[in-house]
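Q: I'm new to this structure and would love a close look at one part of it, the sheet. Could you walk me through how its strands are put together?

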Amino acid sequence: MNYEELAERLIDTTHPKGKRPPLSGVQKWERTRDMTLRYLYENGGRAAPGELAEFFDVSSARVARLLNELELRDMVTRESDPADRRRVIVRLTTAGETHVLDLDASFRRRLAELLAQMGESDAREMVRLTIRLVEIMERRYEEGQCC
């Protein structure tokens with residue numbers, strides 16, 4: 001079996017060239033916003049701005065602009081760290097948490113619709129194979145190998 005050909009076929013199918021327009025500025029901001037809120041949600045609802053900049057590999061100025069927008073939308077708050085008054089902590093608000101949970105529910109619903117169109121047998125096989133692929137990728141990553 002030629003695994004290189006299979007890989008190329010999969011790449012061509014999942015990443016077709018010229019099929020998707022580039023993201024608009026609004027779409028990029030929404031994606032960044034959602035990833036930031038998800039990061040906070042998955043990390044106890046709080047983080048330092050520097051931690052966000054490091055995780056997303058962006059400048060502190062960019063994080064500050066993003067946090068200003070999120071604060072205006074009541075999705076996060078910024079407060080002094082009680083252990084170190086010089087340090088700022090970003091906290092996810094109830095509105096921010098609700099936004100993340102709504103995104104999850106919407107994604108799950110759309111994915112369920114796609115799986116339903118595949119039929120039960122193919123959907124189960126797709127999930128099984130995806131789980132297997134992720135397990136292999138995680139093991140390779142832990143062993144210091146790429147992908």
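A: Happy to; here is a walk through the sheet, strand by strand. Please keep in mind that this is a predicted model.

Let's start with the overall layout. The sheet is open and has three strands, in the order E1-E3-E2, with antiparallel pairing. E1 and E2 stand at the edges with a single partner strand each, so one side of each has no neighbour in the sheet. As background, strands of a sheet pair through backbone hydrogen bonds, in either a parallel or an antiparallel way.

Now for the pairing of E1 with E3. Strand E1 covers residues 46-47 and strand E3 covers residues 84-92, and two bridges link them in the antiparallel sense. Here you can find alanine 47 opposite valine 90 of E3.

On to E2 and E3. Strand E2, residues 76-81, runs antiparallel to E3 and is joined to it by six bridges. Among the facing residues, valine 76 has leucine 92 in E3 as its bridge partner, while serine 80 stands opposite valine 88 in E3. With two residues between them, E2 and E3 form a hairpin.

If you wonder where the side chains go, there is a general rule: in a regular strand they alternate between the two faces of the sheet.

Finally, look at what lies across the sheet. Helix H2, made of residues 25-42, lies across E1, E2 and E3, and runs at about 105° to E3.

Key: Residues numbered from 1 in each chain as written. Predicted model: local features only at pLDDT ≥ 70, side-chain atom pairs only at ≥ 80, totals over all residues. Heavy atoms only, no water. Pairing = 2+ DSSP bridges. Helix = DSSP H or I, 4+ residues; strand = E, 2+ residues; numbered from the N terminus. Contact = heavy atoms within 4.5 Å. Axes fitted to C-alpha atoms, helices over the stretch in contact; angles between N-to-C directions.
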